[in-house]
Amino acid sequence: MPKNRIGVYPGTFDPVTNGHLDIIRRAARLCDHLVLGVAVNQGKGPLFSLEERVAMVEYELPAIEEATGATIVVRPFKNLLMDFAKEQGAKTIFRGLRAVSDFEYEFQMAGMNSRLSPDIETVFMMASDKCQFISSRFVKEIGKLGGDIKDFVTPNVRENLLERFSKES
């Protein structure tokens, strides 16, 4: 098996959820070096700045690296995903799927990405059953309205969210 298999898992990670971390753990077992691409994505109107999102993701990585043996780095990006993947030397893009509704969008995106960079494969990973319903959007909405989010994010992310919501009140 060739060494130095590089993969990219892109996302906005606003904030990183237990669902994201599940995909990160599983993707890290399939490559030697995993790059987590944190997208600028101002169009989504992120709650956290790019720097805050990068820091929250980085905080969660040491345990995953230890468990998987992969090296994992976090890199912000604002260019095309396929250009970012090439810059990282990646041959694989990992994408998580929660539901059938995710598939149509991801299928179209994978087709376009394949046309742009035929040498980079997209690997779809189904969300684990305990994570299928978790989305950053729902976590933010539940947290903002005072709901309990402890089952959806790590304690560090929960603390960051609660702090942000207390400043908005």
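1. In this model, which is a predicted one, a good place to begin is Phe133, a residue of the loop that runs between strand 5 (121-126) and helix 5. Leaving aside residues up to four places away in sequence, Phe133 touches Phe138 and Phe152. The chain also brings Phe133 and Ala99 together in space, since their C-alpha atoms are separated by 8.3 Å although the two residues are 34 residues apart along the chain.

2. From that loop one can move on to helix 5 (residues 136-144), whose axis comes within 10 Å of the axis of helix 6 (residues 155-168), the two crossing at roughly 55°. Helix 5 and helix 6 are therefore oblique to each other, and the crossing in which helix 5 passes helix 6 is right-handed. On the side of helix 5 the contact is made by Val139, Lys140, Gly143 and Lys144, while helix 6 brings Leu161, Phe165 and Glu168 to it. Sorted by class, the residues of this contact between helix 5 and helix 6 are three nonpolar, one polar and three charged.

3. Helix 6 also meets helix 2 (residues 50-68). The axes of helix 2 and helix 6 come within 10 Å and cross at roughly 155°, and that angle makes helix 2 roughly antiparallel to helix 6. The contact is formed by Glu52, Met56, Tyr59 and Glu60 from helix 2, together with Asn156, Val157, Asn160 and Arg164 from helix 6. In the contact of helix 2 with helix 6 there are three nonpolar, two polar and three charged residues.

4. How does one describe such pairs? Two packed helices are described by the angle between their axes and by the distance between those axes. For helix 1 and helix 2, the angle is about 35° and the axes lie 9 Å apart, and the crossing of helix 1 and helix 2 is right-handed. Helix 1 contributes Leu21, Ile24, Arg25 and Ala28 to the contact, and helix 2 contributes Glu60, Leu61, Ile64 and Thr68. By class, the contact of helix 1 with helix 2 holds five nonpolar, one polar and two charged residues. A student following the chain may note that Glu60 of helix 2 appears in the contact with helix 1 and also in the contact with helix 6.

5. The loop between strand 1 (6-11) and helix 1 (18-28) deserves a careful look at its backbone. Phe13, which lies in this loop between strand 1 and helix 1, has a positive phi of about 50° although Phe13 is not a glycine. Pro15 is found in the loop between strand 1 and helix 1 as well, and a cis peptide bond, with omega of about 0°, joins Asp14 and Pro15.

6. The next point concerns empty space, which is shown by rolling a probe the size of a water molecule over the atoms. The largest pocket has a volume of about 1200 Å³ and is lined by 41 residues, of which Thr12, Lys44, Arg95, Arg98 and Glu106 lie nearest its centre. Which elements each supply at least two residues of the lining of the largest pocket? They are strand 1, helix 1, helix 3 (81-88), strand 4 (92-97), helix 4 (100-116) and helix 5. Helix 4 gives the most to the lining of the largest pocket, with seven residues. Divided by class, the lining of the largest pocket consists of 20 nonpolar, 13 polar and eight charged residues.

7. Finally, the structure holds one cavity of 30 Å³ or more, and the volume of the largest cavity is about 30 Å³. The residues that line the largest cavity are Leu81, Ile93, Arg95, Glu106, Met109, Ala110, Asn113 and Thr122. Strand 4 and helix 4 each supply at least two residues of the lining of the largest cavity, and the largest share, four residues, comes from helix 4. By class, the lining of the largest cavity divides into four nonpolar, two polar and two charged residues. Arg95 and Glu106, which are named in the lining of the largest cavity, are also among the residues that lie nearest the centre of the largest pocket.

Technical notes
Residues numbered from 1 in each chain as written. Predicted model: local features only at pLDDT ≥ 70, side-chain atom pairs only at ≥ 80, totals over all residues. Heavy atoms only, no water. Axes fitted to C-alpha atoms, helices over the stretch in contact; angles between N-to-C directions. Parallel < 35°, antiparallel > 145°, perpendicular 65-115°, else oblique. Left-handed = near helix turned anticlockwise from the far one by under 90°. Contact = heavy atoms within 4.5 Å. Nonpolar A, V, L, I, M, F, W, Y, C, P; charged D, E, K, R; others polar. 1 Å grid on protein atoms, 1.4 Å probe; cavity = no way out; pocket = protein on both sides within 12 Å on 5 of 7 lines; lining within 4 Å. Points joined across faces, edges and corners; volume = space filled by probe spheres on them.
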